[in-house]
Amino acid sequence: MFRATRAEIEDALVNALSALDLPTTDLGIEEPPADVDAVLASSVAFRLAEAASAAPAAVADDIAAEIDVSELTYVGQVQTQGPYLNFLPGAAYFAGTLDAATETDFGSLPDKETSVVLEHTSANPTGPVHVGRARNPIIGDALARVLDYAGYDVDRHYYVNDAGRQIAVFTWAYETFDEADLPDPERDSPEYEMVRYYRKGNAFLEDADADRAEAAEDEIQSILQGLEAGDEATYDRVSEVVDTVLSGMTATLGRLPAEFDEFVKETRFMRDGSTDALVERLKALDCAVYEEDAWQLDLPDFEKNLVFLRSDDTSLYTTRDLAHHEWKLDNYDRAVTVLGEDHKLQAQQLDATLSLLGIDTDRIDSVHYSWVNLPEGGMSTRKGTGIDLDDLLDEAIDRARQEVEDRLDDRIRDDDLDAEDVERIAHQVGIGAVRYDIVSKQPTKGITFEWERALDFEAQSAPYVQYVHARCCGILDDVAEPGSDAVQPDALAATEAEDLLRVLARFPAVIEAAARQHRPHVVATYTRDLAEQFNAFYRECPVLTAEDEATRTARLALVVGTRNAMANALDALGVAAPNSM
């Protein structure tokens, strides 16, 4: 109802301003402060004071007088507060919200008939996924889910770097060193077994004498040249390493969960000729220069040139990514990429170059994030000193299991949890805690992950909001959910019930805003608002023991709506919604 009411208010303001012969280009619609009893407010009178030759408060009074509330469906009253116009909800607003919220797909928006390719994670397949980069798959998967809820047709892509120097080093090392000379793998998983070769190869290149290092570099260069030339044998050698490592990495990512519709390999754009064709087009640009034994673009507004072809005619990652983005826009309406903050310059140069090639870069968006740190310190895959995501998730499950077991004796709900139930809840709460703690922060802000905060059942954490869903399910156990025809919304007279309805009404608009702004953390903020308001309702408004049947039925419907909103909000974030805790 919030979205419908906003549209109704927009129309009412446009009509009122037109009647007063005032501009209608900026309506100044906004959410009012918490102490204002309105769904939405407008500050348009500030902007129009000069045009109307009157004080803002007087302009607001004139606009309010032009709005006939009897012609509106969801707005019950228009009040002025100085220069502001406040739009108060009517009975239909609350009735419509309660009816919509009791649908299981509450929060899902109509199909926008717009395709989006969302690329995220795309970590080099050189070893286990480590904690520092965990923000990428968590933000990326949550954003994809939010876009799904908002009505977009989303494909999730992982762009596989299988053509760079690191992969060439990895392939050479895998073919050079004997497993008997390697330490035991940290886990029985492909990426943990394979990363030993990568680390061994890097250590060799750092410590070997000049002759041996030069011989190794020659072999590494021959792999790069073979890929550039489209040599099938070289491609097969590299693919054996890449695909093996990637199989283990994706299993770890699946635990979050973060899944993909397609793995797009970098070599695809070398093998199909699109990179070579792109290079020729880049050479023809006015800003193309050959300097320091390489072809470069001297891009306006950038101090650093963009190198796109080396002197040995091998392309660079950015060159191939340009071809990759052209392919994206040939197949999708929009392209969104989740990138670390260290890739900002690369993304800006890519956009500038595509614009020079005549491509509409307004269809491209980037979401940048800062790193995740642990109190223990930094992380590095190459040196093998990082903290792996698998370890973090295992620890989260262990800690959650202990927390659940410690709370068993204090549970009010009598649903006889067995060992299997405890294990299920431990996975839902533990992994949910990691994911929620990361996705709930603005991407550009750095994170230091702390267990005590993430697994706090009382603070604004995953367990806190998950417990609201579990509590709703507990109330609804063995109770027939009321049909919409049996519910009398006006029976929800308590302030806490009305306040909860107001929060529920906002959910579809929260999904809409999160999708439009590419900010899934606003959905996490919403879950905390919903949890707080439901807890206030639960404290003050008995449901099963309500004073009469009409109140009981209406409050049950409100619990159903809260359950649906919380379940779908958590699902949009990729966090499990436990039925019991």
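This section describes the fold, the cores and selected local features of a predicted model.

The chain holds 581 residues, of which 53% are buried. Its secondary structure comprises 20 helices and 14 strands. The C-alpha trace spans about 85 × 65 × 35 Å along its principal axes. Contacts often link distant parts of the sequence. Among those between residues at least 6 apart, 75% join residues at least 24 apart.

The largest nonpolar core contains 158 residues. Seven of its members touch the most other members: Ile63, Ile67, Trp172, Leu504, Val523, Phe537 and Leu558. Leu504 illustrates the packing. Residues up to four places away in sequence are not counted here. Leu504 then touches Thr97, Ala101 and Phe106, as well as Tyr526 and Leu530. The remaining partners of Leu504 are Leu558, Gly561, Thr562 and Ala565. Another core, of 27 residues, lies apart from the largest one. Among the members of this other core are Val117, Leu297, Trp327 and Ile364. In soluble globular proteins, nonpolar side chains tend to be buried together.

Two of the residues touched by Leu504, Thr97 and Ala101, belong to the buried set of helix α4. Helix α4 runs from residue 91 to 101. Its buried residues are Tyr93, Phe94, Gly96, Thr97, Leu98 and Ala101. An α-helix has 3.6 residues a turn, so residues three or four places apart point the same way. The cover over the buried residues of α4 includes two helices at opposite ends of the numbering, α1 (2-19) and α20. Strand β4 (84-89) and helix α18 (495-517) also contribute to this cover.

Helix α20 spans residues 549-573 and includes Val559. Val559 has a relative accessible area of 0% and is therefore buried. Cys472 lies 87 residues from Val559 in sequence. In space, the two C-alpha atoms are 5.9 Å apart. Cys472 is also in contact with Val559. With neighbours within four places in sequence left aside, the other contacts of Val559 are Ile475, Leu476, Phe534, Phe537 and Val543. One of these, Phe537, is among the seven residues that touch the most other members of the largest core.

Helices α6 (residues 165-176) and α9 (residues 232-254) also pack against each other. Their axes are 9 Å apart and meet at an angle of about 100°. The two helices are therefore roughly perpendicular. On the α6 side, the contact is formed by Ile167, Phe170, Thr171, Tyr174 and Glu175. These residues meet Arg237, Val238, Glu240, Val241, Val242 and Val245 in α9. By class, the contact has seven nonpolar residues, one polar residue and three charged residues.

Strand β5 (residues 115-119) is mostly covered, with five of its five residues buried. Both faces are covered. Ser115, Val117 and Glu119 are buried on one side, and Val116 and Leu118 on the other. Val117 is also a member of the core of 27 residues. Strand β5 pairs with strand β6 (residues 153-160) in the parallel sense, over five bridges. Within β5, Ser115 stands opposite Asp153 in β6. The relative accessibility of Ser115 is 15%, so this residue counts as buried. Beyond its neighbours within four places in sequence, Ser115 is in contact with Asp153, Asn331, Tyr332, Asp333 and Arg334.

Several loops carry notable backbone geometry. The peptide bond from Leu256 to Pro257 is cis, with omega near -5°. Pro257 sits in the loop between α9 and β7 (262-265). Two residues other than glycine have a positive phi. Thr121 has a phi of about 70° and lies in the loop between β5 and α5 (135-149). Its relative accessibility is 12%, so Thr121 counts as buried. Asp293 has a phi near 60°. Its loop joins β8 (288-291) and β9 (294-297). At 51% relative accessibility, Asp293 counts as exposed.

Definitions and conventions: Residues numbered from 1 in each chain as written. Predicted model: local features only at pLDDT ≥ 70, side-chain atom pairs only at ≥ 80, totals over all residues. Heavy atoms only, no water. Core = buried A, V, L, I, M, F, W, Y, C linked by side-chain atoms within 4.5 Å. Buried < 20%, exposed > 50% of the residue type's maximum accessible area, 1.4 Å probe, protein only. Contact = heavy atoms within 4.5 Å. Axes fitted to C-alpha atoms, helices over the stretch in contact; angles between N-to-C directions. Helix = DSSP H or I, 4+ residues; strand = E, 2+ residues; numbered from the N terminus. Parallel < 35°, antiparallel > 145°, perpendicular 65-115°, else oblique. Nonpolar A, V, L, I, M, F, W, Y, C, P; charged D, E, K, R; others polar. Pairing = 2+ DSSP bridges.
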